[in-house]
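Let's take a walk through this one together. Have the viewer open and follow along.

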Amino acid sequence: AGYIGISTGLAVVWILVLWRRRAAYHKAAKARYARDGLLVSSSWPSWVRKPVSFLIFNFVLLPNACLLSGMVFAGLLAVCEGWSWPVSIEYVITNMVDMSTPLTPVMPQTLQG
């Protein structure tokens, strides 16, 4: 839970900082900064922009998107099967990472599950 909160918080702060910077430069009508991306600034050298974008995407945004979608599907599965939410999240994680030894012994029994 600590990693999730920290990485999500850092991603949100980083995006807000760059978004605010981009808005300020657009107001100043500096065309040079109009190409700023969501994660990096165009004023940074290319050899910095590319690895920073890669690292933020692969180690912050993508894991958090997978986790969020897993939580949504675990909630739906918990409602359909009548499981507790922790059990359903364990089942979803087992399937997301294709574990050979499941985290939980439960299996869906209903047609909706």
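What follows goes from the overall fold to a pair of rings and then to a patch on the surface.

Keep in mind as you look around that this is a predicted model. Start with the big picture: the protein chain has three helices and zero strands, so you can read its pattern along the sequence simply as α-α-α. Of its 113 residues, 22% count as buried. The protein chain exposes about 8000 Å², and 71% of that comes from carbon and sulfur atoms. As for contacts, take those with a separation of 6 or more: 31% of them are between residues 24 or more positions apart.

Now zoom in on the aromatics. The structure holds one aromatic pair. Its partners are tryptophan 83 and tyrosine 91, whose ring centres are 5.5 Å apart with the planes at 70°, so this pair counts as edge-to-face. The cut-off behind that label is an angle of over 60 degrees between the planes. And are these two residues buried or exposed? Tryptophan 83 and tyrosine 91 are both buried.

Next, swing over to the surface. Ile93, Met96, Val97, Met99 and Leu103 form a nonpolar patch there, and together they have about 420 Å² of accessible area. Pick out one of these, methionine 99, which you'll find in the segment after helix 3 (85-96). Why does methionine 99 count as partly exposed? Its relative accessible area is 33%, and partly exposed covers the range between the buried cut-off of under 20% and the exposed one of over 50%. Membership of a patch calls for over 30% relative accessible area, so methionine 99, at 33%, clears that bar too.

Definitions and conventions
Residues numbered from 1 in each chain as written. Predicted model: local features only at pLDDT ≥ 70, side-chain atom pairs only at ≥ 80, totals over all residues. Heavy atoms only, no water. Patch = residues over 30% accessible without salt bridge, like charges linked within 9 Å, V, L, I, M, F, W, Y side chains within 5 Å. Areas by Shrake-Rupley, 256 points an atom, 1.4 Å probe, with all protein chains shown as cover. Salt bridge = Lys/Arg side-chain N within 4 Å of Asp/Glu carboxyl O. Helix = DSSP H or I, 4+ residues; strand = E, 2+ residues; numbered from the N terminus. Buried < 20%, exposed > 50% of the residue type's maximum accessible area, 1.4 Å probe, protein only. Phe/Tyr/Trp six-rings, centres within 6.5 Å; stacked < 30°, edge-to-face > 60°. Contact = heavy atoms within 4.5 Å.
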